[in-house]
Structures are given as structure tokens and as C-alpha cells.
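Visitor: Could you walk me through how to read this fold and its inner spaces?
Guide: Gladly; let us look together.

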Amino acid sequence: MSKENNGIVKAWEATVRKSQAIAKKRTPMSVAHADDEDEPDAAGPCHAYHAERVLSNGDFYTGQWMDNFPHGHGKYLWPDGCMYVGEWYRGKTMGKGKFSWPSGATYEGEFKTGYMDGRGTYTGSSGDTYRGYWVMNLKHGHGTKSFSNGDYYEGEWRRGLQDGQGRYQWKNGNHYIGQWRNGVMNGNGTMIWSNGNRYDGCWEDGWPKGNGTYRWPDGSFYVGVWSKDTTDQNGSYYPSINSDGNLDWDPQEVFAVDLNDCQICPGEKVSIFPSQKMVNWPGLEGEPFQKRKGYDGSLRPRRESMDGTLNDYFWGNGEAGSVNGVEGLGNLQYEESVKKGNVSQQLRLKPVKRPGVTISKGHKNYELMLNLQLGIRHSVGRPAPKTTLDLRASAFDPKEKVWTKFPPEGSKYTPPHPSCDFKWKDYCPVVFRTLRKLFKVDPADYMISLCGNDALRELSSPGKSGSFFYLTNDDRYMIKTVKKAEVKVLLRMLPAYYNHFRAFENTLVTKFYGLHCVKLTGAAQKKVRFVIMGNLFCSEYAIHRRFDLKGSSHGRTTDKPDAEIDPTTTLKDLDLNYIFRLQKVWFQEFCRQVDRDCDFLEQERIMDYSLLVGLHFRETSSRECLTPRSRTSGNGDFDNEGTPQLSRIDMDQLLLDPTRWASIKLGINMPARVEQTVRRSDYDTQLVGEPTGQLYDVILFFGIIDILQDYDISKKLEHAYKSFQYDPTSISAVDPKQYSRRFRDFIFRVFLEDT
């Protein structure tokens with residue numbers, strides 16, 4: 001350490017001891033700062049200058065300062081021994097810097113808004129070293145890691161774990177080259193032992209599973225289907241020409257012996273992330289520093305403590321207080337202020353209420369709900385042979401369906417029930433059972449969600465399609481009534497749909513869990529066909545804005561007046577007033593997956609689908625109004641004083657929870673940013689507005705929905721009829737190839753890489 005730095009640290013330590021002693025006496029605290037003549041005139045323009053600041057909690061900052069924020073290059077020291085040296089931007093670590101922990105661990109590289117984000121190197125106190133890319137404090141992208149026990153990994157990372165293509169070298173000389181998922185060997189890969197033996201084939205959850213070949217250096221080999229379950233293991237042993245080989249060799253020795261020395265080192269965990277140590281400076285969200293005061297009028301910057309709670313600190317006299325934690329997320333409120341003339345107003349979104357009406361006894365669809373639940377319980381609970389992911393073509397036959405009678409008094413296969421007599425049909429039951437397995441859905445949980453004691457909720461009135469929607473009480477699944485033509489489309493495309501999901505884990509296409517039909521007996525003989533789908537917005541994060549985007553302009557605006565637009569309103573293309581900005585690795589995967597999904601839908605002659613997008617706003621802004629639509633003005637006062645608010649740091653705590661990171665995937669729980677846009681009022685068909693530069697941190701949800709409409713005769717007639725009245729490129733009903741091209745062009749204009 002240089003003499004200059006040593007002097008600064010000693011001065012800081014002395015100041016900390018002094019400030020802590022003063023704080024105990026609750027007497028006014030003296031603040032070390034630059035000489036008064038070095039301070040810029042408050043009324044004049046703001047320029048960066050050197051300053052030193054001591055907070056009442058003992059934190060110390062020295063470096064460039066502007067407009068009451070660290071801005072430029074500076075050093076920040078915490079009383080617990082943590083230290084950051086590097087670039088700042090308006091109070092947040094932004095750019096290149098180095099963060100040191102008291103344990104001796106260090107991170108040196110790029111930061112973004114307080115997070116380790118970009119390219120950087122982390123060296124742990126135990127000797128673990130990671131060099132590569134980071135996204136929001138987690139290893140994400142290409143990187144190498146040298147473990148303290150001598151192991152080494154080079155390859156792709158995702159959400160802090162090995163995921164993608166990679167090579168792992170053990171200190172004993174064994175090494176694996178192949179695919180990874182969630183930190184374990186999964187997919188196709190090759191394990192080579194130091195003695196020359198090798199396995200080439202499929203892996204699942206860290207073990208050989210499926211087709212594979214085990215080879216010895218003498219040329220003998222074993223080919224077969226691998227599994228830890230001895231009943232599923234089968235294959236053939238082939239000795240080499242020059243050797244009799246080991247005819248008594250048991251393939252289970254690979255699991256019991258060979259792989260014992262091939263455990264993946266867990267590595268060292270970061271004790272506390274730099275973003276958890278950052279100060280929430282007064283005025284950081286846009287208010288002037290001089291006007292941002294505590295309850296008693298004192299100026300109080302806020303910082304998260306080691307235990308994750310929020311504390312208020314201050315620069316002047318008085319004592320620090322604390323902020324009570326906020327429980328729950330259901331009524332999260334997003335608060336902004338907007339200046340209209342000389343009037344400053346507060347804008348709040350309405351608290352998010354649970355959508356739909358509970359179907360209780362007396363509801364017109366109460367018996368239908370009972371029938372659905374009885375049928376699903378029967379379908380899922382029925383004993384079935386063990387399924388594999390490799391299905392026979394006969395399983396996809398549209399004639400592959402099972403009818404079951406449900407008399408009220410019960411039968412040999414069905415229980416007695418209080419509803420009317422009905423018949424139940426299962427379409428392609430083996431395929432949908434296998435899809436649920438592919439989607440990692442536990443049958444018991446699935447049955448409880450759909451058929452538990454809680455009633456379903458009916459969502460509003462049917463849309464243009466005439467379909468009704470029902471939501472499970474836990475919000476995980478949605479039931480949609482479908483027409484006979486839509487059933488035919490789904491059954492026709494089911495083989496391609498199944499193969500698409502097997503090939504692309506991150507597909508954005510709607511997940512279907514079951515296709516069923518209820519036929520009421522009696523004079524009516526009414527049939528109700530329905531499909532069970534995943535609910536894209538099933539999350540602990542409240543959805544504040546939702547958009548249904550197709551890339552067309554005719555009729556693509558919400559017909560509700562602005563005063564009635566709330567978080568449950570689905571806005572459309574001409575209502576869109578944001579551009580979505582994704583991190584580089586996510587953006588690249590997003591573009592690839594949209595292309596794959598659109599190619600699939602185009603090949604299946606599907607059109608009229610859309611991208612459903614949901615936004616959860618993480619932070620507030622005091623400079624921009626969150627208007628319901630981009631062309632709208634007015635105060636839009638959706639006030640509700642009783643609604644709790646979560647701060648940016650509270651939301652960071654949720655994101656830093658490893659269990660929540662495990663749930664982040666393309667289109668689900670994705671941290672991102674959105675930029676507000678403004679559309680010219682004299683150009684109503686302008687699909688993408690002009691960027692304003694106003695950015696918001698959000699949690700993003702999106703997926704492709706409504707994929708059961710093919711380009712049939714009715715759509716062709718609709719296209720011909722509307723083409724005479726409107727611009728043919730503006731209407732939704734166009735052929736699948738044109739629809740796919742237009743959809744992609746639009747989506748890639750509103751989703752951009754966050755630079």
C-alpha cells in the first residue's frame with residue numbers, strides 16, 4: 001500500500017472511531033469534507049471536484065464528487081473492512097472497479113448500477129478464481145474457473161452455474177467435455193478417465209442416462225442404454241480382437257466406482273454482494289438533494305445493512321432511525337411524480353387485485369367446473385405405464401382418445417359426484433402425460449392445483465374468439481375453452497409441437513398440459529372442449545403493465561378509457577410506450593429463440609399469434625409520468641394510500657435470493673430495463689414511438705400465445721375483405737409467411753440489446 005493510501009486509511013480509521021464515539025453521545029457530528037472554497041456554488045453549474053465524506057454510520061468516501069453524489073473515480077470504505085475503488089456514476093458503482101472483502105476475496109472488473117456485471121475476475125479467500133462474464137452478480141456467459149482443490153472448468157455459465165458447453169478437468173486427470181445444465185453434466189458428453197477408459201453418450205443430472213458407449217484402451221467396448229436403475233440398464237459387451245477382455249464386467253461399476261472421483265467442486269460462495277453494500281443516496285431517484293429530507297427534516301441517505309434491513313443515515317444533526325420491513329408483494333405500488341405546468345403531482349398504480357370471479361355454488365358454470373375437476377383428477381390419477389420421451393407415432397394419432405362416463409351415482413372407475421351426468425374425453429393422453437414430464441410437472445402438484453378444494457376463477461368476458469378462461473387458485477394454470485377447429489389444429493401440429501419442445505428448452509411458445517372435452521348428456525348434448533395451459537404471469541412479482549403484441553396496426557388499441565386502465569388491462573400494439581432492453585447474453589438467446597419459434601409456427605401454417613409481455617417495475621422515477629398510453633396526457637391519478645411500497649433495495653434482496661435466480665429463464669422473471677417512448681399524435685399508425693431516454697428497471701415476462709389459428713378459409717376471406725378497406729399490411733389476417741416476417745420485424749424493433 002502506498003504512503004498516500006496508508007495515510008488515507010489511517011485518517012479514515014481515526015475518523016470512524018471518533019464518529020462512533022460521538023454517535024454514542026448523540027451529539028452533533030463533524031463531517032470531514034473538502035475546504036469550503038473548493039465547494040462549487042450551489043446556484044452555479046455542477047462540476048466534479050475532489051471531496052471526502054464521512055457518514056454517521058462510519059462509512060468513508062474519498063474521490064470525485066458532483067451534485068451530492070460520488071461521480072467519477074473514488075474510494076469507498078465500510079467499517080466492516082469492505083472497500084471499493086473505481087468508477088462511480090451519480091452515486092452508483094458504474095464502470096471498472098475493484099471490490100475487496102475483509103476475508104481477502106476480491107472482484108476486479110466491470111460494474112453496472114452496483115452489480116458485478118460485465119467482464120471481471122473474482123478471487124476467493126480460499127483460492128478459487130473465476131475469470132469471465134457476469135450478469136447481476138452471477139456468472140453468466142463464457143468463463144473459466146480454477147478451484148482451490150485443483151479442479152478447473154472452462155465453458156458456458158448461466159445464473160451462476162455451469163450451463164451449456166463446457167470442459168471440466170479434475171486434479172486426478174479425469175476430464176469431461178460436453179453439455180451442462182444447472183451445474184451438472186446433462187446432455188451429450190464424453191468422460192475420459194486418467195487410466196484411458198472413456199464414456200461417450202447421454203447424461204442426465206450428472207450420471208450416464210440413455211444411449212452410450214464405454215470404451216477401454218485395449219479396444220473393447222460396451223454399447224447400450226445406461227441407467228442407475230439396474231432394471232433399465234441393458235447393452236452388449238464387445239471384447240477387442242487382441243484381448244479376451246473382462247466378460248464379468250458390470251456396467252453399474254461406472255456408477256459405483258468410476259464416477260466416485262468425479263464430483264463437481266461447489267466452489268466458494270460470495271459472502272455479501274457489492275450491490276448489497278451500496279448507499280441509496282438522497283435524491284438518487286431524481287429529487288434535489290436539498291429537498292430530500294427525513295421525517296424530522298434532516299438529510300438522510302439510506303443504505304442496506306449487512307443483515308439486509310434498510311437504515312436511514314444522515315449528514316447533519318440527530319440520530320439515525322430505521323425503516324420497517326414491508327411484507328408481501330401482492331399490493332406492490334409504483335409511485336411517480338409528474339410535473340404539469342407548475343403543479344407537482346403523485347401518480348400511483350392501482351394495487352394489483354387478483355383477476356377473475358370465483359366460481360362458487362350458484363354460478364352458471366359451477367357444474368362445468370366440477371366436471372372439469374372430476375375429469376382431470378381421473379385422467380391424471382389413472383394408473384399408466386412408465387413413459388419415455390421417445391414416443392411412438394401411434395401416440396399422436398388424432399383418433400387416440402379415451403371416453404369415460406361419469407354418472408352421478410358413480411361407476412366401477414369413477415366416484416359418485418353432485419354434478420350432472422356427463423362424458424369425459426382425453427385427447428392423446430400419453431403425449432400430454434409425457435409433455436407434463438418434459439415440463440417437470442409433478443402429477444400430485446398438478447392435480448392439487450386444478451382439482452384441490454379451492455375453486456377456479458373465471459376471467460372477465462370472452463374475447464373476440466368467444467373463448468372463456470379459467471384460472472387456478474394458485475395462478476399456475478389457465479384453462480381455455482377452444483373450438484373444434486382449434487382442437488384439430490393442435491392435434492395436427494402435436495408431433496411437431498412435441499419435437500420443438502424437446503429440441504428447445506427455452507422456447508417461448510405456450511405450454512399445453514392437456515386437451516380434454518366434456519359432453520353433457522341429455523337433450524342438449526353440449527360439448528365443451530378445453531386446453532390446459534401454463535399461466536405466464538404466475539409470479540410473486542405484481543404485473544403492473546401487460547401488452548399483447550402482433551406487429552399489426554389495424555384495430556390494435558385498447559378501447560377502454562384511460563381512467564379504467566389498470567394493471568389487469570391488456571394493452572396492444574398502438575398502446576405500447578416502451579422499448580425493452582435485454583442484457584447481451586439474454587438478447588442473443590431471445591433473437592435466436594424468436595427465429596426458431598416463428599419458423600416452427602410458419603411451417604405449421606399458424607398465424608394470428610402474439611407476444612404477451614408483462615412488466616413489473618422495480619424502481620420509481622420522480623421525473624416521468626407512467627401514463628397508461630404513450631399519447632395520453634393528464635394526471636392519471638390512481639391513488640391508494642394504503643398500498644405498501646417496496647424500495648429498489650428491497651427488490652434487489654428478492655433478486656439476490658439464489659432460489660429466485662434458479663427460476664429465471666428466458667421470458668420468466670427476467671431482470672431488464674425498459675425505455676419510455678412517445679408516439680406522435682398526428683401519426684396514429686406509428687407502431688414504435690420515439691425513445692425519450694427515460695429508463696426503468698423491470699422484471700420482464702413474455703411468451704408467444706394464441707398459436708391455434710391456422711390460415712384457413714375464414715382467415716383468407718377476412719384478408720380479402722379487409723384488404724379492400726384498409727392497408728393490407730396493417731391487418732392481422734395475412735398468410736403465415738408474411739405474418740411471421742412482420743411479427744419478427746416488429747419484435748426486433750421493440751426488443752433491443754441493453755448497451
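Visitor: Among contacts between residues at least 6 apart in sequence, what share joins residues at least 24 apart?
Guide: A contact means heavy atoms within 4.5 Å. In the protein chain, that share is 53%. This is a predicted model, where local features need pLDDT of at least 70, side-chain atom pairs count only at pLDDT 80 or more, and totals for chains, interfaces and linings use all residues. Residues are numbered from 1 along each chain as its sequence is written, and side-chain values use heavy atoms, leaving out hydrogens and water.

Visitor: How many helices and strands does the protein chain have?
Guide: Both are DSSP runs numbered from the N terminus: helices are H or I with at least four residues, strands are E with at least two. Here there are twelve helices and 37 strands.

Visitor: How many cavities of 30 Å³ or more does a search of the whole structure find?
Guide: On a 1 Å grid over the protein atoms alone, a cavity is a set of points where a 1.4 Å probe fits but cannot get out; lining residues have an atom within 4 Å of a point. Grid points are joined across faces, edges and corners, and a volume is the space filled by probe spheres set on the points. The search finds three, and the largest holds about 70 Å³.

Visitor: Which element gives the most to the lining of the largest cavity?
Guide: Helix H5 (429-438), with four residues. Strands S25 (422-427) and S29 (512-520) each supply at least two. The lining includes Asp426, Arg433 and His516.

Technical notes
On a 1 Å grid over the protein atoms alone, a cavity is a set of points where a 1.4 Å probe fits but cannot get out, and a pocket is an open set with protein on both sides within 12 Å along at least five of seven lines; lining residues have an atom within 4 Å of a point.
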